[in-house]
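Work through the exercises below with the sequence and the coordinates open beside you. Each task is followed by a solution that proceeds in steps.

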Amino acid sequence: MFLGAFALHVLEEAPGFTAWARRHASERYTQRDFARNNALGLAITGAATYVLARPSRRRRFFGVYYSTILTQQALFNTVFHVGTAVAWREYSPGLITSLTLFLPLWWRLTRLALDDRLITRRGAVLASAIGGTIHAGAVAQHVFFIGVSEARDHG
């Protein structure tokens, strides 16, 4: 389900995220950056979902998947879109799918994982710290271009 939600989220972002990012993040952000970032995100999510679906690896891999894929993308991408919509008082492309697909899916999967004892409450908090850190770093580097080499600045 999450991979499908991710694809729908990318479709919502596609028509306007590049222009939005150029206005609010970096004038250097291009449609090519958008395509590369989201193709990589979809590929990683697809591969991780495939591994998670294998019963022999599910328990061992769930914590990694939960923090680095699900929480990082579903919870903190929603935080990003809500936060930027509030900060700039305009629609942030991706806001609707973040609120209507990502957040409810993250909540439901978290409840199921807690009920099935795949994670603990403490583990969910730790996963949130990890996921939030990964998402903040990814946005800083791939949207705002913070920490990108001087070659990119002058190339």
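The exercises that follow concern helix packing, an aromatic pair and pockets in a predicted model.

**Exercise 1.** Determine how helix α1 is oriented relative to helix α5, and state which residues make the contact.

*Solution.* Begin with the geometry: the axes of α1 (residues 2-13) and α5 (residues 95-115) come within 9 Å and cross at roughly 170 degrees. Angles over 145 degrees count as roughly antiparallel, and α1 and α5 are therefore roughly antiparallel to each other. Next, list the contact: α1 contributes Phe2, Ala5, Phe6, Leu8, His9 and Glu12, while α5 contributes Leu95, Ile96, Thr97, Ser98, Leu101, Phe102 and Leu105. Sorting these residues of the contact by character gives nine nonpolar, three polar and one charged.

**Exercise 2.** Among the aromatic pairs, classify the one formed by Phe2 and Phe102, and say which parts of the chain the pair ties together.

*Solution.* The structure holds ten aromatic pairs. For Phe2 and Phe102, the ring centres are 5.4 Å apart and the planes stand at 40 degrees, so the pair is tilted. The final step is to place the two residues: Phe2 belongs to helix α1 and Phe102 to helix α5, so the pair ties together parts that are 100 residues apart in sequence.

**Exercise 3.** Carry out the analysis of orientation and contact for α1 and α3.

*Solution.* The axes of α1 and α3 lie 10 Å apart, and the two helices pack at an angle of about 170 degrees; α1 and α3 are therefore roughly antiparallel to each other. On the α1 side, Phe2, Leu3, Phe6, Ala7, Val10 and Glu13 take part, and they meet Phe34, Asn38, Gly41, Leu42, Thr45 and Gly46 in α3. The residues of this contact divide into seven nonpolar, four polar and one charged.

**Exercise 4.** Describe the largest pocket by its volume, its lining and the character of its lining residues.

*Solution.* The volume of the largest pocket is about 620 Å³. Its lining consists of 26 residues, and those nearest the centre are Asn37, Gly41, Gln72, His135 and Ala138. The elements giving two or more residues to this lining are α1, α3 (31-53), α4 (58-88) and α6 (121-142). By character, the lining of the largest pocket comprises 13 nonpolar, eleven polar and two charged residues.

**Exercise 5.** Describe the second largest pocket, and identify which element gives the most to its lining.

*Solution.* The second largest pocket has a volume of about 240 Å³, and 14 residues line it, with Leu52, Phe62, Tyr65, Leu70 and Leu109 nearest its centre. Two or more residues of the lining come from each of α1, α3, α4 and α5, and α4 gives the most, with four residues. Dividing the lining of the second largest pocket by character yields eleven nonpolar residues, one polar and two charged.

Terms used:
Residues are numbered from 1 along each chain as its sequence is written. This is a predicted model: local features need pLDDT of at least 70, side-chain atom pairs count only at pLDDT 80 or more; totals for chains, interfaces and linings use all residues. Side-chain values use heavy atoms; hydrogens and water are left out. Axes are lines fitted to C-alpha atoms, for helices over the stretch in contact, and angles run from 0 to 180 degrees between N-to-C directions. Angles under 35 degrees count as roughly parallel, over 145 as roughly antiparallel, 65 to 115 as roughly perpendicular and the rest as oblique. Contact means heavy atoms within 4.5 Å. Ala, Val, Leu, Ile, Met, Phe, Trp, Tyr, Cys and Pro count as nonpolar, Asp, Glu, Lys and Arg as charged, and the others, Gly among them, as polar. On a 1 Å grid over the protein atoms alone, a cavity is a set of points where a 1.4 Å probe fits but cannot get out, and a pocket is an open set with protein on both sides within 12 Å along at least five of seven lines; lining residues have an atom within 4 Å of a point. Grid points are joined across faces, edges and corners, and a volume is the space filled by probe spheres set on the points. Rings of Phe, Tyr and Trp (its six-membered ring) pair if their centres lie within 6.5 Å; planes under 30 degrees apart count as stacked, over 60 as edge-to-face and the rest as tilted.
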